[in-house]
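Here are a few notes for you to read alongside the model. I have set them out as numbered points, so feel free to take them in any order.

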Protein chains: 2
Amino acid sequence: MGNISCEREKEHQAAAQRAKEGMLPDSDLEKICKIFQMLSDPGRLKIVSALMNGEMCVYHLTEVCGGSTSSVSHQLRLLRDNDIVKARRMGKNMEYSIADEHVREIVNMGVAHLHCEVDE
Amino acid sequence: MGNISCEREKEHQAAAQRAKEGMLPDSDLEKICKIFQMLSDPGRLKIVSALMNGEMCVYHLTEVCGGSTSSVSHQLRLLRDNDIVKARRMGKNMEYSIADEHVREIVNMGVAHLHCEVDE
DNA sequence: TGAACATTTGAATGATTATTCAATTGTATT
DNA sequence: AATACAATTGAATAATCATTCAAATGTTCA
C-alpha cells in the first residue's frame, strides 16, 4: 500500500488519518442517512414542506400535495416511522405535524442551498 | 369537498392555504431532493464525511471508507454530478473535496440531529 | 513506446422502493 | 346496529438503485 506519488501526499494522509479517527460508527451513519432518505423523495418532501406551515390532516395534505389518499398515507407512515413527522388523532381525522425543530432546520438548509448557487 | 368536521378545521384550512401559496415549484423540490438523496446512502455519506476532513484521492477514500475502488468511484461520480463534491486532477490522482459550504452545513445538521434526540 | 499505476466506465445482477388498487380498520352519527 | 367518513394496510407491479466484474481510459516514468 501507500505507493502513491503526489505532491500533496502528506496533506492527504493527514486528512485520511483524521477521517479515520473521526469517522462516525456505521450505526450512526445509517441513522443520519435515514433522515436524508426520508427527504429524498419529491412526494415526501412536498408533504414535509406543506407541514412546515402548520398541522394538517390527511385530507388537506392530499389536497395540497396531490396524489391519492393512499399514497399520501403510505408516505406519512414512512415519515412517521422515521420521526420526521408526528401524528395525533382528533376525532375522525389524524393531525400530522413536523416532529421537531431539527427537521425544520434540515429542510430549510436544503431550500437555502437551492437559492445560493455553487461557488466554484 | 371540504366536508370535514374537526374542531380545528379553520386552522387547518389556513395552514393548507399557506402551504398551497408557498409551495415550491416541482423543479425546485426535485433539486432539493437530489441533495438529500445523495446523502441518503451510507457509502456516499461516509465518503462525504471523510472529505469533511480535507481533500483526498480515490485511493485514500477507499482506504478510509472501505469497499472497492470501483464502487467508490461510482459513488463519487454521482456525488460529482450532483455538485456535492468536486474533483481536480493532480498527476495520476484525482483529488476530491466538498463542493461548497452548504453541503458541510447540511451534513453537520444531520449529525446534530443524531445527538439531540427527539423532544416529544 | 511500453509498462505500471490511478481511476473510470458499462453492462448485469440483485435489492429497495414508490405507487396502485382493493380490502380493512377506526371513529362519529343517526 | 347500520351507515358514512377518514385513514391505513397488504400485496403486486414497475421503476430506481448500489454493487460487482471486466474492460477501458488517462497519466507518469523508464
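1. Which side chain of chain A does K20(B) meet in a salt bridge? The partner is E63(A), with an N to O distance of 3.9 Å. Please bear in mind that this is a predicted model. Across the interface of chain A and chain B, four salt bridges are found by the rule.

2. On the interface as a whole, 68 residues of chain A touch 68 residues of chain B. Between them the two chains bury about 6,100 Å², and carbon and sulfur atoms account for 68% of it. For a place to look on chain A, try F36(A), M109(A) and H113(A): they supply 11% of the area that this chain buries against chain B, more than any other three residues.

3. Now to the helices of chain B. Helix α3 (residues 42-51) packs on helix α5 (residues 69-81) at an angle of about 75 degrees, and their axes lie 10 Å apart. That angle makes α3(B) roughly perpendicular to α5(B). From α3(B), the contact draws on G43(B), R44(B), I47(B) and V48(B), while α5(B) brings V72(B), Q75(B), L76(B), L78(B) and L79(B). Six of these contact residues are nonpolar, two are polar and one is charged.

4. Chain B also has an open sheet of three strands, in the order β1-β3-β2 with antiparallel pairing. Its edge strands, each paired on one side only, are β1 (56-57) and β2 (85-90). Six bridges join β2(B) to β3 (residues 93-98) of chain B in the antiparallel sense. To check the register, note that K86(B) has S97(B) in β3(B) as its bridge partner.

Key
Residues are numbered from 1 along each chain as its sequence is written. Chains are lettered from A and ligands numbered from 1 in the order in which they are written. This is a predicted model: local features need pLDDT of at least 70, side-chain atom pairs count only at pLDDT 80 or more; totals for chains, interfaces and linings use all residues. Side-chain values use heavy atoms; hydrogens and water are left out. Axes are lines fitted to C-alpha atoms, for helices over the stretch in contact, and angles run from 0 to 180 degrees between N-to-C directions. Helices (H or I, at least four residues) and strands (E, at least two) are DSSP runs, numbered from the N terminus. Angles under 35 degrees count as roughly parallel, over 145 as roughly antiparallel, 65 to 115 as roughly perpendicular and the rest as oblique. Contact means heavy atoms within 4.5 Å. Ala, Val, Leu, Ile, Met, Phe, Trp, Tyr, Cys and Pro count as nonpolar, Asp, Glu, Lys and Arg as charged, and the others, Gly among them, as polar. Two strands pair if DSSP finds at least two bridges between them. Buried area is the accessible area (1.4 Å probe) that two parts lose on being put together, summed over both.
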